[in-house]
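Trainee: Could you walk me through this one before I get back to the bench?
Mentor: Gladly, let's open it first.

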Amino acid sequence: MTKVDVAIIGGGVIGASIAWHLLELKPDLAVAIIEKDPSYQESSTPRSAGGIRRLFTKEVHIRLSQYSLEIYRNFSRTLGQEISFRPYGYLFLARKESWPSLKAAHDLQRSLGVTAELLSPAQIREIIPELKVDDLEGGLYGRGDGYMDPYAVMQGYLRRAKEKGALYLEDEATSFVLEGGSIRGVGLASGKEIQASAVVNAGGAWGADLSRRMGYPLPVVPLPRQVFVLQPGIPFQNHLPLTIDPTGVYFREEGQKIIAGYSEEREPSFELTWDPRFFEEHIWPVLAERAPNLEALRLERGWAGIYDDHIHDHSALLGPHPELQGYYVALGFSGHGLQHAPAVGIGMAEWILRGAPQTVDLTPLTVERLWTKNWVREEAIV
Ligand SMILES: Cc1cc2nc3c(=O)[nH]c(=O)nc-3n(C[C@H](O)[C@H](O)[C@H](O)COP(=O)(O)OP(=O)(O)OC[C@H]3O[C@@H](n4cnc5c(N)ncnc54)[C@H](O)[C@@H]3O)c2cc1C
């Protein structure tokens with residue numbers, strides 16, 4: 001039996017960030033990260049598109065992104081890990097019908113200090129000269145937003161957490177050790193047990209299942225999402241921001257190539273296959289219409305990954321579980337967990353060690369809102 005102060009289930013970007021922040025705040029803390037698949041074959045982090053934007057519609061998400069963007073901009077200096085951050089921006093395109101909601105989001109973002117810009121169709125073409133804009137009312141541009149290498153971020157946090165003494169256990173958490181209304185540790189598939197006074201469920205798309213089996217159901221489901229890599233017939237002249245068409249199809253630069261995706265309606269599942277026909281039928285026609293230089297392209301490959309979708313409001317569930325002393329949750333990121341990992345890491349560490357998040361206010365995202373129903377319905381889900 002191993003005894004630690006905090007056991008973290010899941011060594012993806014969220015678990016790794018929480019571990020590192022815990023040890024930053026309290027270097028003598030004993031922290032264990034339990035990861036069932038150290039190759040991360042199916043984990044969401046390495047399958048992410050790597051984007052970070054401040055263009056959200058809810059204050060808490062904007063603040064999480066503002067904090068995290070600063071961390072990512074300086075990651076190689078502060079964490080000693082190169083994450084290939086590319087500040088090429090985010091650009092939401094809008095037709096007449098969605099223009100008012102884009103303007104409302106812009107007002108909120110500006111009021112919180114985000115340098116978001118509303119662009120006319122002509123200004124959009126200054127950024128992407130190839131784009132067809134005659135059906136557009138305008139765009140919302142997040143200059144300085146961008147994308148990075150998700151695997152490098154995760155490895156950066158993991159490496160530094162291990163250097164600071166975190167135990168990394170290759171095992172699966174299969175049960176909770178309970179005692180008088182409190183969690184006291186976790187049981188592992190190997191038959192071992194980890195004793196801990198705090199247990200964090202950062203198990204991504206798999207985390208809700210373990211919680212349900214232990215009697216603490218959470219409304220988080222696995223949603224498959226596909227990403228496609230293509231070689232454009234004619235390259236874009238300028239660096240391409242992550243651009244979201246009014247249809248929901250998004251595309252961005254990836255070196256000399258383009259990656260594209262679309263959050264289609266799916267039944268919850270852990271399906272990890274990708275379908276070239278889906279690209280041909282649903283994505284390619286949108287790309288060819290929006291950017292004529294993409295009419296001729298070569299689909300090179302693709303992949304699928306899983307969102308851990310919080311079905312009520314598509315916003316994470318964070319902090320202590322109100323029904324089980326010592327049980328902390330960091331799940332339900334609904335497609336924006338990578339970009340919020342730094343803010344979630346510091347906030348969760350403060351919650352565990354100091355009783356409340358201090359650096360970034362995570363309290364609108366408490367698990368408690370499953371009872372209060374104070375939903376944080378995010379409209380800008382990509
Ligand atoms: C296609 C796609 C595109 C995305 N694009 C973006 C984007 O552009 N920007 C953005 O911010 N986010 C994006 N995301 C979302 C982002 O990837 C996730 O929100 C984030 O990676 C979640 O990190 P995590 O650590 O919670 O989950 P994971 O990375 O899945 O890590 C959880 C880990 O827990 C382990 N685990 C689970 N249960 C157990 C157990 N019982 N015992 C031991 N280990 C366990 C798993 O093996 C896994 O490694 C995207 C996701 C996908 C799928």
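Mentor: We can go through the domains and then some salt bridges, keeping in mind that this is a predicted model.

Trainee: How is the chain split into domains?
Mentor: The domain assignment gives domain 1 as 2-50 + 150-219 + 312-372, and domain 2 as 87-146 + 222-307. The C-alpha centres of domain 1 and domain 2 lie 31 Å apart.

Trainee: What area is buried between domain 1 and domain 2?
Mentor: About 900 Å² is buried there, with carbon and sulfur atoms giving 58% of that area. On the domain 1 side, R47, A49 and A205 supply 55% of what that domain buries against domain 2, which is more than any other three residues.

Trainee: And how many residues are in contact?
Mentor: In terms of contacts, 10 residues of domain 1 meet 12 residues of domain 2.

Trainee: How many salt bridges cross that interface?
Mentor: The rule finds zero salt bridges across the interface of domain 1 and domain 2, although it does find four residue pairs in polar contact there. The residues of domain 1 that touch domain 2 divide into three nonpolar, five polar and two charged.

Trainee: Changing topic, how many salt bridges are there in the whole structure?
Mentor: A search of the whole structure finds 23. One of them joins the side chains of R290 and D245, at 2.6 Å from N to O.

Trainee: Where do R290 and D245 lie?
Mentor: R290 lies in helix α8 (residues 276-290), whereas D245 lies in the loop between β13 (242-244) and β14 (250-254), so the pair ties together parts that are 45 residues apart in sequence.

Trainee: Is R290 buried or exposed, and what about D245?
Mentor: R290 is buried, because its relative accessible area of 5% falls under the 20% cut-off, and D245 is buried as well, with a relative accessible area of 4%.

Trainee: What about E163 and R159, how far apart are they in sequence?
Mentor: They are four residues apart, about one turn of the helix, and both lie in helix α6 (residues 150-163). Their side chains meet in a salt bridge of 3.2 Å, N to O. E163 counts as exposed at 52% relative accessibility, while R159 counts as partly exposed at 32%.

Trainee: Last one, which residues does S182 touch?
Mentor: Leaving out residues up to four places away in sequence, S182 touches V177, L324 and Q325. S182 is placed in strand β10 (residues 182-188), and S182 is buried, with a relative accessible area of 9%.

Note on methods
Residues numbered from 1 in each chain as written. Predicted model: local features only at pLDDT ≥ 70, side-chain atom pairs only at ≥ 80, totals over all residues. Heavy atoms only, no water. Domains from an automatic or database assignment. Contact = heavy atoms within 4.5 Å. Buried area = accessible area lost by both parts, 1.4 Å probe. Salt bridge = Lys/Arg side-chain N within 4 Å of Asp/Glu carboxyl O. Polar contact = N/O pair within 3.5 Å; in protein donor to acceptor, adjacent residues only side chain to side chain. Nonpolar A, V, L, I, M, F, W, Y, C, P; charged D, E, K, R; others polar. Helix = DSSP H or I, 4+ residues; strand = E, 2+ residues; numbered from the N terminus. Buried < 20%, exposed > 50% of the residue type's maximum accessible area, 1.4 Å probe, protein only.
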